[in-house]
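Colleague: I am new to this structure and would like a close look at a single part of it. Please take one buried residue as a starting point, and then go on to some other places for comparison of setting.

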Amino acid sequence: MVKMSGAQALIEALYKEKVEVIFGLPGGAIIPVYDVLRDSKIRHILGRHEQSVAHMADGYARASGKVGVCMATSGPGATNLVTGIANAYMDSAPMVAITGQVPTSLIGKDAFQEVDIIGITTPITKHNYQPRHASEIPNTIKMAFHIASTGRPGPVLIDLPKNVQNDTADMIFPNKVEIRGYKPNKFPHTLQVEKVIKLLTKAEKPIIMAGGGIILSNASLKLQAMAELLLAPVVTTFMGKGSIPENHPLSLGVLGMHGSAEANRLILEADVLLAAGIRFSDRTTGKIEEFCQDTKIIQIDIDPSEIGKNKTVDVPIVGDLNKTLTMLYDSLAKLLEKKEDNLWFKRVRQIREEFKDKIDQGEGLAPPNLLKKLREVLPHNSIITTEVGQNQMWASLYFKVYEPRTFISSGGLGTMGFGFPASIGAKVAKPDVPVLDIAGDGSFMMTSNSLATSISEKIPVIVVILNNSMLGMVAQWQRMFYKRRYSAVELGAYNFEKLAKAFGAQGFRIGSLEEFIKVVKSALKSEVTTVIDVPISPEENVFPMVPAGKGLKDTIYR
């Protein structure tokens, strides 16, 4: 037991959780914590907007597998964090968000910069806390990190009244916590495992659908082993991109609204679907009533509330994906002989050949062509973040990913402005790995002030702006489904080269594919952030595409 202030206890508790970096922006209600943080060994990275610091923590968490920590003051500082917290919640990113709050004596009295952040964030966090006494802080931090990082990961918010930060108390730092009612089920039920084995051993056309849960549970190698044993092709959800190397013969790419032609076709022909770590999102399944109607479906997830939520399944299994796939693989390996070929795999090759030349990938600076060339230039372990919109879908379709945790994007919430700050967080997590944000001009403009953070904190990343001077995806929908009646999508032309240079970054506007490749190679060696402005046609569409409300069989290819 040791006597210290609440602010000192917070920093000490973060030390004990092995926190090395906090992304934050101070204000009046969190000054006591910042005063202690100044003398600590924890690195603080100063953002220029609270939404961005949350995205930085999110990117850090996804690249490293650790809990990302962000911090802000009360009122508008706290509410500015909300979009980033919601983004982390939708994509199951482990995060602890710390906010300052007015003194307890003023709570509920409309004090300056007071807001009920506990009430606001309740639907978008796994849990939240507001300690009313300084002595509660060590246990609160321990519980917050435990909840954020176990079971289905997600954000936890801690709201600290200013007087609680200043008050002193005798502190006890627990080594572990037991939280009543919170015990994630890691190990699957053996009877359910037996049912799955029975289905898979009889399957003639099995397919695996891998989601973000595979990456979160570090189950990628076991997934690949299962696929090879079953000779089952693997489709991934958008969040599952990278769960299997996309140059593997069994990888069919991403499924869904902007999924690959092979994935959207073959999943409808499967007789058994093993869905691992997914939530059957509408963007993935298309019209849910038509999705895999005649297929036996197995769903594995550590979150029991996801089982059967959006799609009725035949065999549910609740458990950690790595442990569950290990159990399944060990049992199946005793029953099945590994094959190099069969009728189902021949069908996979046939479909691949059918669609080989059906998708127009363009030439020169056409986004599909540009992204394929970019892949050839970047090392395999490079981390790619994306903004949201057409740039994101082009990256999903045409930039092949070979390792887990190297493709980071806003999946569930679709948050414009996510990619650039997330790239900064990812670079902090992996300083020796190239990090590149694939952006649209509209999305980049939302958080481009993070250039100041990137420069002042010496965190060099590369930003490639696919610049069509439009809100591209909205324009595509208006072009295709609203008779080209463009409404509020024309952004105008801006000089991103000069914008980058104004912050001290490198800026380029390029005019050819050859020039683009040359600039990227140079940027990979640079110690400052590089912004590459790539003008593209505003008429470019992302294909394949499944129109909203339609099924995967209605995929439009060009």
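Modeller: The model is a predicted one. Thr530 sits in strand β20, which covers residues 530-535. Its relative accessible area is 0%, under the 20% cut-off, so Thr530 counts as buried. Leaving out residues up to four places away in sequence, Thr530 touches Val461, Ile462, Val463, Gln506, Phe508 and Ala523. Phe399 is 131 residues away from Thr530 along the chain, and the C-alpha atoms of the two are separated by 20 Å.

Another threonine, Thr415, is placed in a loop, the one between β16 (407-408) and α17 (419-429). Thr415 has a relative accessibility of 6% and therefore also counts as buried. Its side chain makes a polar contact, at 2.7 Å, with the side chain of Asn87. Asn87 is also among the residues that Thr415 contacts once neighbours within four places in sequence are set aside; the others are Gln51, His55, Thr83, Val388 and Ser410.

The loop of Thr415 leads to α17, and α17 packs with helix α3 (residues 50-64). The angle between these two helices is about 45°, and their axes are 6 Å apart. Because of that angle, α3 is oblique to α17. The crossing of α3 and α17 is right-handed. On the α3 side, the contact is made by Ser52, His55, Met56, Gly59, Tyr60, Ala63 and Ser64. On the α17 side, Pro421, Ala422, Ile424, Gly425, Ala426, Val428 and Ala429 take part. Sorted by class, the contact of α3 with α17 holds nine nonpolar residues, five polar ones and no charged ones. His55 of α3 takes part in this helix contact, and His55 is also in contact with Thr415.

A second helix pair is α15 (residues 367-377) with α16 (residues 390-398). Here the packing angle is about 55° and the axes are 9 Å apart. With that angle, α15 is oblique to α16. The crossing of α15 and α16 is right-handed. Pro367, Pro368, Leu371 and Lys372 of α15 meet Trp394, Ala395 and Tyr398 of α16. The residues of this contact divide into six nonpolar, no polar and one charged.

How values were computed. Residues numbered from 1 in each chain as written. Predicted model: local features only at pLDDT ≥ 70, side-chain atom pairs only at ≥ 80, totals over all residues. Heavy atoms only, no water. Axes fitted to C-alpha atoms, helices over the stretch in contact; angles between N-to-C directions. Helix = DSSP H or I, 4+ residues; strand = E, 2+ residues; numbered from the N terminus. Parallel < 35°, antiparallel > 145°, perpendicular 65-115°, else oblique. Left-handed = near helix turned anticlockwise from the far one by under 90°. Contact = heavy atoms within 4.5 Å. Nonpolar A, V, L, I, M, F, W, Y, C, P; charged D, E, K, R; others polar. Buried < 20%, exposed > 50% of the residue type's maximum accessible area, 1.4 Å probe, protein only. Polar contact = N/O pair within 3.5 Å; in protein donor to acceptor, adjacent residues only side chain to side chain.
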